[in-house]
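Let's take a quick tour of a protein model, starting with a single residue and working outward. Keep the picture open while you read.

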Amino acid sequence: MSRLFLRDHLALILLQPVQWALVLLIYWLDGYRNLAVAFYAGLLGIVLCIGYLSFRYVQYSSYYKRLADRPSSLDAIMQPLGNAPVAESLQQLLDNQYTLMQEQLHQAESQQKTHMLFMNQWVHQMKTPIAIMDLTLQEEQSMPYTASMREELERLRQGLDTVLYVARLQSFEQDFHVKTVSLTSIAEQAVHEHKRLFIRSQVFPELVGNRSILVQTDEKWFMFMLGQLLTNAIKYSTGPMKKVTVRIYVDLNHAAVEIRDRGIGIPKTDLKRVYDPFFTGDNGRQFRESTGMGLYLVKQACEKLGHELQLESAVGEGTVVRIKFMSWQHAANM
């Protein structure tokens with residue numbers, strides 16, 4: 001605060017010696033030679049200047065303190081700046097800006113809620129015709145085009161789910177419900193829901209590990225996260241009869257579920273950006289259906305649920321994605 005005050009009055013402080021020297025020079029050139037009186041006048045000027053600066057410092061202390069300190073919240077900006085004229089004018093300006101900002105913020109929030117409501121309704125409406133088309137194709141399984149159409153419907157369904165969860169991520173606090181769930185049960189369900197993709201891609205699923213581990217998480221969001229990770233693992237597994245392993249275990253007092261593929265792997269240059277939204281990297285250019293949103297959504301959901309997400313990969317060897325849980329227990333302990 002004191003540094004800011006001195007910087008603000010630096011010109012005045014530097015001007016004072018120049019002014020006193022100029023006055024003394026004028027008296028000297030006029031023939032006045034009484035130096036004792038001249039120095040006394042100069043000393044009196046210094047005392048008056050110091051008194052004036054001290055008065056300004058006390059009067060504007062709150063003002064300079066607020067300018068020097070970084071506000072911790074928007075409400076902190078509204079704290080009084082003091083009774084000085086400049087401080088009162090600045091406070092009025094900040095009040096007006098704060099009011100305008102609050103109005104614009106409420107308007108943006110209203111628009112966002114309307115947009116999210118529309119997206120949720122639209123996704124649910126689109127799922128109905130997809131389900132009807134899927135049922136129709138099940139009755140026409142003998143037709144040669146059936147398998148291809150069901151594959152495209154599955155991609156469309158996954159895309160709609162991604163859109164839905166992107167919208168829900170904005171209001172995550174109102175959308176999740178944490179409870180005790182079985183890692184094995186959810187992993188089995190996730191693998192079962194992706195069985196068509198496994199079969200179509202000629203990739204073999206393998207579920208291993210401790211089957212008695214229970215964790216605290218949101219079942220719906222965790223199922224979605226596993227689905228995204230399984231889809232990536234299958235998609236980037238090259239060649240027939242590849243294997244994707246889902247492993248459940250306890251490591252250093254943390255429960256974990258690990259999804260390992262033996263696919264093309266992620267280049268080292270892309271590892272730092274795999275969690276960025278819409279980033280597809282070199283792999284995305286090989287697989288056009290990549291959206292770059294899967295790992296981003298998984299990362300965001302893990303952070304909000306208090307889980308830890310880890311990723312390891314090497315080109316030509318595959319990728320390992322691991323979700324760790326801070327709170328867990330064995331089923332026998334319940």
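Start with Tyr165: its relative accessible area is 9%, so it counts as buried, the cut-off being under 20%. Keep in mind that you're looking at a predicted model. From Tyr165 we'll move on to its ring partner, Trp221, and then to the protein as a whole.

**The aromatic rings**

- Two numbers help here, because a pair of aromatic rings is described by the distance of the centres and the angle of the planes.
- Tyr165 and Trp221 make an edge-to-face pair, with 4.8 Å from centre to centre and 80° between the planes.
- Where do the two partners sit? Tyr165 belongs to helix α6 (residues 146-169) and Trp221 to helix α9 (residues 219-235), so their pairing ties together parts that are 56 residues apart in sequence.
- Is Trp221 buried or exposed? Trp221 is buried, as its relative accessibility is 0%.
- Trp221 also pairs with Phe224, again edge-to-face, at 6.0 Å centre to centre and with 85° between the planes.
- This second pair stays inside one helix: Trp221 and Phe224 are both in α9, three residues apart, which is about one turn of the helix.
- Phe224 is buried, just as Trp221 is.
- Put Tyr165, Trp221 and Phe224 together and you have one aromatic cluster.
- Overall, the protein has four aromatic pairs, including the two described here.

**Overall build**

- How many helices and strands are there? The protein has eleven helices and eight strands.
- The radius of gyration is 34 Å, while the globule rule gives 20 Å for 334 residues, so this protein is more spread out than a compact globule.
- Measure along the principal axes and the C-alpha atoms fill a box of roughly 120 × 45 × 45 Å.
- Take the contacts between residues at least 6 apart in sequence: 69% of them join residues at least 24 apart.

**Inside and surface**

- Out of 334 residues, 35% count as buried, and Tyr165 is one of the buried residues.
- The protein's accessible surface is about 20,700 Å², and carbon and sulfur atoms account for 58% of that.

**Charges**

- What is the tally of charged side chains? There are 34 positive and 33 negative ones.
- The centres of those two sets of charges lie 4 Å apart.

Definitions and conventions
Residues are numbered from 1 along each chain as its sequence is written. This is a predicted model: local features need pLDDT of at least 70, side-chain atom pairs count only at pLDDT 80 or more; totals for chains, interfaces and linings use all residues. Side-chain values use heavy atoms; hydrogens and water are left out. Helices (H or I, at least four residues) and strands (E, at least two) are DSSP runs, numbered from the N terminus. The radius of gyration is taken over C-alpha atoms; the globule rule is 2.2 Å times the number of residues to the power 0.38. Buried means under 20% relative accessible area, exposed over 50%, partly exposed in between (1.4 Å probe, protein chains only). Contact means heavy atoms within 4.5 Å. Accessible areas come from the Shrake-Rupley method with a 1.4 Å probe; for residues, only the protein chains shown count as cover. Lys and Arg count as positive and Asp and Glu as negative; His and the chain ends are not counted. The place of a charge is taken as NZ of Lys, CZ of Arg, CG of Asp or CD of Glu. Rings of Phe, Tyr and Trp (its six-membered ring) pair if their centres lie within 6.5 Å; planes under 30 degrees apart count as stacked, over 60 as edge-to-face and the rest as tilted.
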